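Dear colleague,

I am passing on the model that we spoke about, and I would be glad if you could look through it before reading my notes. Please keep it open beside this message as you read.

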Amino acid sequence: MSSLIDTFNLWGQQALTFAWPMLWQSSLLIALIFALDFALRRRVRASIRYGLWLVVLLKLLVPPSLALPTGIAWWLRPPTPAPLSAPLP
């Protein structure tokens with residue numbers, strides 16, 4: 001039973017390391033978009049403000065780090081060169 005608890009604790013730790021950056025980044029973006037929306041309420045059309053809120057939705061769909069295998073940068077990075085092997089004598 002102890003190994004099951006240890007496994008759950010390990011999974012919880014991994015989930016927390018993924019969720020914490022997502023939480024603060026999305027919270028900061030929501031606060032920024034809300035302030036921008038409030039400031040531009042009378043000056044721009046509603047469709048522009050709607051587009052700003054779609055940026056929040058996009059952020060919630062993209063992982064917090066683009067270095068994750070699910071991120072775009074993971075697949076667009078340059079391939080690592082193969083290590084050079086020394087010739088055998």
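What follows is a description of the fold, then of one helix and its neighbours, and finally of the surface.

Please bear in mind that this is a predicted model, in which local features need a pLDDT of at least 70 and side-chain atom pairs count only at pLDDT 80 or more, whereas totals for chains, interfaces and linings use all residues. Residues are numbered from 1 along each chain as its sequence is written, and side-chain values use heavy atoms, with hydrogens and water left out.

The protein chain has 3 helices and 0 strands, and its elements run α-α-α from the N terminus on. Helices here are DSSP runs of H or I with at least four residues, strands are runs of E with at least two, and both are numbered from the N terminus. Of the 89 residues in the protein chain, 12% count as buried, where buried means under 20% relative accessible area, exposed means over 50%, and partly exposed lies in between (1.4 Å probe, protein chains only). Among contacts (heavy atoms within 4.5 Å) in the protein chain with a separation of 6 or more, 45% come from residues 24 or more positions apart.

Helix H2 is a good place to begin. H2 has 16 residues and spans 23 Å from its first C-alpha to its last, close to the 22 Å expected at 1.5 Å a residue; that expected span is 1.5 Å times one less than the number of residues. Its buried residues are Arg49, Val56 and Lys59. Seen down the axis of H2, these buried residues fall within an arc of 60 degrees, so they line one face of the helix, the arc being that of the directions from the helix axis to the C-beta atoms. They pack against H1, while Tyr50, Leu58 and Leu61 are exposed on the other side of H2.

Two places show how H1 and H2 are related. The structure holds 1 salt bridge, a term that requires a side-chain nitrogen of Lys or Arg within 4 Å of a carboxyl oxygen of Asp or Glu. In this salt bridge the side chains of Asp37 and Arg49 meet at 3.2 Å, N to O, and the pair links distant parts of the chain, with Asp37 in helix H1 (residues 2–39) and Arg49 in helix H2 (residues 46–61), 12 residues apart. Asp37 counts as buried at 11% relative accessibility, and Arg49 likewise counts as buried, at 18%.

The other place involves Leu60, which lies in helix H2 and counts as partly exposed at 42% relative accessibility. Leaving aside residues up to four places away in sequence, Leu60 touches Met22 and Ser26. Leu60 and Ser26 are 34 residues apart in sequence, yet 6.8 Å apart in space, C-alpha to C-alpha. Met22 lies in helix H1 and is buried, with a relative accessible area of 15%; its C-alpha atom is separated by 8.8 Å from that of Lys59, 37 residues away along the chain.

Turning to the surface, the protein chain exposes about 7800 Å², of which carbon and sulfur atoms supply 74%; accessible areas come from the Shrake-Rupley method with a 1.4 Å probe, and for residues only the protein chains shown count as cover. Met1, Leu4, Ile5, Phe8, Leu10 and Trp11 make a nonpolar surface patch of about 690 Å². Patches are made of residues with over 30% relative accessible area and no salt bridge, with like charges joined within 9 Å and nonpolar side chains (Val, Leu, Ile, Met, Phe, Trp, Tyr) within 5 Å. Ile5 is found in helix H1 and is partly exposed, with a relative accessible area of 45%.

With best wishes
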